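Okay, thanks for making time, everyone. I'd like to walk you through one chain today, so have a look at the screen.

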Amino acid sequence: MSDINICAIIANSYLIIEGVIMSFKVNPLFIFVITFISNFSCVWAMEDYFVDDDNFNLETERFRLRLLRPEDAADMFEFTSNPDVVKYTGLFELHKNIDETKAWLEEHINRYKNNNYDIIWSILDKDTNNAIGFCGFEECSTRDSKAELGYAVNHKYWKMGVATEAAQKVIDFGFNVLELNRIWATYDPRNIASGKVLKKCNLVQEGLLRQLYFFNGEYVDRVMLGILRKEYLAKQNADSSNN
Ligand SMILES: CC(C)(COP(=O)(O)OP(=O)(O)OC[C@H]1O[C@@H](n2cnc3c(N)ncnc32)[C@H](O)[C@@H]1OP(=O)(O)O)[C@@H](O)C(=O)NCCC(=O)NCCS
């Protein structure tokens, strides 16, 4: 059971206890203090979960996934500086030097540390321990329990199933551990590979966002796809009963 679930149980148990206390007409100040301690401990435990980076360590057959680190800069620069990698991402500007990659890493690591809006994993090749790509959630919303999926893979490793393997693991973590309700993504319709990755992860097309970005001197469309928690869990249950 996740810490978040434990918190919810603690908070709910407290509400029941508070009801009992209320029925015995206890001093309201006492109730306020108990409420404060209960809510604080709940937030505290959730933050504990997010602060410990190791809670996010994941493993697939061929890769280890762990949160982005500053020391990934050299490996990442190898592909963030490649125009072919960047051309359909829409927002991700080509890195002209390694300092831009360092700044990009720092920005995302800080966004994670400050408010958990981004949870992005480096994809490490188990054989070499090199970061050969990244995959993760941007714009996580705790209010709506949703997150946007994104990824990129070093061009030397394209068409080897890297993005699909990593994205499937990250989506599973999103629904089963973070308990998201919705995971969504957009891709440039010319980016055949990305469209295939998302469909292999069972995201379904929801629409076409026309001329969403102005990127590289032109307006570009994005195909919008999504998957809901109930759809993911139903598919997972169906798969496990077929096996
Ligand atoms: C999109 C991207 C992450 C795919 O990575 P990948 O590890 O090569 O993807 P996979 O190997 O899991 O391939 C998934 C499918 O796409 C196909 N594919 C991969 N690269 C392709 C390409 N350049 N052209 C056509 N199809 C391609 C694969 O053959 C596979 O299809 P299949 O299952 O029918 O054989 C990679 O091309 C990339 O980093 N692109 C630049 C960054 C980017 O566009 N990110 C997405 C932003 S929305």
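Before I say anything about packing, here's the cut-off: I call a residue buried if 20 or more other C-beta atoms lie within 10 Å of its own. By that count, 26% of the chain's 243 residues are buried. And do keep in mind that this is a predicted model.

So, the overall layout. The chain has 8 helices and 8 strands. If you look at contacts between residues at least 6 apart in sequence, 60% of them join residues at least 24 apart.

Now the sheet. In what order do the 8 strands sit? They go 1-2-3-4-5-6-8-7, in an open sheet with mixed pairing. Strand 1, 58-59, and strand 7, 204-215, are at the edges with a single partner strand each, so each of them has one side without a neighbour in the sheet.

Let's zoom in on strand 4, residues 131-141. Of its 11 residues, 8 are buried, so the rest of the structure largely encloses it. On one pairing, strand 4 runs antiparallel to strand 3, residues 119-125, through 6 bridges, and Ile-119 is bridged to Phe-137 of strand 4. Those two strands make a hairpin with 5 residues in between, and Asn-129 in that turn has a positive phi of about 65 degrees. Strand 4 also pairs with strand 5, again antiparallel, this time over 7 bridges. There, Gly-136 has Gly-150 in strand 5 as its bridge partner. That's a hairpin as well, with 4 residues between the strands, and Ser-145 in the turn has a positive phi of about 50 degrees.

Which residues have the most contacts inside the largest nonpolar core? The core has 46 residues, and the ones you want are Trp-121, Ile-123, Cys-135, Ala-166 and Ala-167. Helix 6, residues 162-176, supplies the largest share of that core, with 7 residues. Take Ile-123 as a way in: beyond four places in sequence, its contacts include Phe-63, Leu-65, Ile-132, Cys-135, Val-162 and Ala-166.

While we're in this region, one residue from helix 3, residues 73-80, is Met-76. Is Met-76 buried or exposed? It has 23 C-beta neighbours inside 10 Å, so it counts as buried. Leaving out neighbours within four places in sequence, Met-76 is in contact with Thr-101, Leu-105 and Ala-131. You can also check the C-alpha distance from Met-76 to Ile-132: 7.2 Å, with their positions 56 residues apart in sequence.

Moving along the sheet: strand 6, residues 182-187, and strand 8, residues 218-228, run antiparallel and are joined by 6 bridges. Tyr-187 is bridged to Val-223 in strand 8. Helix 7, residues 192-200, lies across both strands, at about 165 degrees to strand 6.

That helix brings me to the ligand. There are 20 residues around the ligand, and the closest are Val-162, Ala-163, Thr-164, Ala-193 and Lys-196. Strand 5, 146-153, helix 6 and helix 7 are the elements giving two or more residues to that shell. Which element gives the most? Helix 7 does, with 5 residues. For those of you thinking about chemistry, the shell splits into 13 nonpolar, 5 polar and 2 charged residues.

One link to take home: Val-162 is among the residues closest to the ligand, and Val-162 is also one of the contacts of Ile-123. That's all from me, so over to you.

Note on methods:
Residues numbered from 1 in each chain as written. Predicted model: local features only at pLDDT ≥ 70, side-chain atom pairs only at ≥ 80, totals over all residues. Core = buried A, V, L, I, M, F, W, Y, C linked by C-beta atoms within 7 Å. Buried ≥ 20, exposed ≤ 12 C-beta atoms within 10 Å, placed from the backbone. Contact = placed C-beta atoms within 7 Å. Pairing = 2+ DSSP bridges. Axes fitted to C-alpha atoms, helices over the stretch in contact; angles between N-to-C directions. Near = placed C-beta within 6 Å. Nonpolar A, V, L, I, M, F, W, Y, C, P; charged D, E, K, R; others polar.
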